[in-house]
Amino acid sequence: MKFEWITDWETIWSDDFVKRWQTWMEESQNAHVFFHPAMVKAWVDTYLPLRDIRPMFCIATQGQTTIFLPLVLWRKNWKNAFVRTIIPVGYSDFDYHTPIVRSDGSTIDWNEFWINLYDEIQHRWKGKFDLVEIDGIKKAFTGNTEKWQLSDECPYIDLRPYNSYEAFLGYFKSKQRNDIQRQIRRLEEEGTFAFEVLESDRKSEILALLPTILHHHALRWPNAYKAPNYHYNLLSNALEHNLLHFSQITINGKAICWNISFVYNKTYYFYMPIYIEKYANFSPGKLNMFLCISDIISKRYEKFDLLRGAEEYKNKLPILDDAVFQYIEKNNGFLSRIKESLLLIRKRLA
């Protein structure tokens, strides 16, 4: 297995490299939206002014197989003992970090890949990193080493058996089906009810709604960190490349809930539902989700990915189980061990 590393942003965003990258995505059987160049650039543009992150984009080749894994070296500040951590692009903001694989069908030894990857890192960056933290990797891409630990559940719905929204609703008991219509009727009593999906030609309108959406998100999750401009960059880039599915429910023309999600290669990624707390008793988040499912079934999408998290509401859907795993490798050098000890002391004193 041969490794190529891209370690400067200028090369990464050059037309030639982005074209290579897009080719790998298009020819991959497992490509996901989070490693699309537009999504990655949104994350990088957000965090470059905030953190010291340096590119370590990895391209591994073996025969006709290419494995692409965009990594960065994050040099943390004094509050984190100046620890230097190698992480996938997107880190906690992206649900998946599974490498993009373009293959001729040959079997890949994933144990060998991860072992060789760490050996490469040790060889090229010896003394320049303290920790390797790889998270968000699907089971099929981890190998069987015990170093991989379960990180989170990420269930999904296979939409292929449903040729219509009515067929999908047939999975549920009549009480559950009737509850959806009941909530719509209740909202209609409040005023004119409408559900709409805003397309990319309404980009300025969507971006103008973002401050209101983030305000209501913060009211519900006050401790959730939002990097400055992250969601603006993400939505702007996703819209430009037709990766965004933005929906809202309105009463008398006023929005009461929104759903910021992504679409790529016949897969819908259920990313960020938000609603106004005043309307919580109408289950607007659930209603919006079902109406989104209706929309993407009509467009012949094959998968509704609920992303990470084992929330209770997901168990009421016709889900299939999936999960992502985490791998952590520590540099056992003297300085790295000192930094680890300092971090432990700081956590105990916090």
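Glu4 has a relative accessible area of 32%, which places this residue in the partly exposed class. The model in which this value was computed is a predicted one, and Glu4 offers a convenient way into its charged contacts. The carboxylate side of the contact belongs to Glu4 and the nitrogen side to Arg20, the two side chains meeting in a salt bridge with an N to O distance of 3.3 Å. Because Arg20 sits in helix α2 (residues 15-27) while Glu4 belongs to strand β1 (residues 2-6), the pair ties together parts that are 16 residues apart in sequence. Arg20, at 33% relative accessibility, is likewise partly exposed.

Helix α2 takes part in another such contact, this time through Glu27, whose side chain meets that of Arg102 in a salt bridge, again given as 3.3 Å from N to O. Since Arg102 lies in strand β5 (residues 100-102) and Glu27 in helix α2, this pair connects parts of the chain that are 75 residues apart in sequence. Both partners are partly exposed: Arg102 has a relative accessible area of 23%, and Glu27 has one of 43%.

Further along the chain, Glu311 and Lys314 form a salt bridge in which the closest N and O atoms are 3.0 Å apart. Here the two partners fall into separate accessibility classes, because Glu311 is partly exposed at 35%, whereas Lys314, with a relative accessible area of 1%, is under the 20% limit and therefore buried.

Elsewhere, the contacts are not confined to pairs, as Asp52, Arg54 and Arg75 are linked in a network of salt bridges. Taken over the whole structure, the salt bridges number 21.

Methods
Residues are numbered from 1 along each chain as its sequence is written. This is a predicted model: local features need pLDDT of at least 70, side-chain atom pairs count only at pLDDT 80 or more; totals for chains, interfaces and linings use all residues. Side-chain values use heavy atoms; hydrogens and water are left out. A salt bridge is a side-chain nitrogen of Lys or Arg within 4 Å of a carboxyl oxygen of Asp or Glu. Helices (H or I, at least four residues) and strands (E, at least two) are DSSP runs, numbered from the N terminus. Buried means under 20% relative accessible area, exposed over 50%, partly exposed in between (1.4 Å probe, protein chains only).
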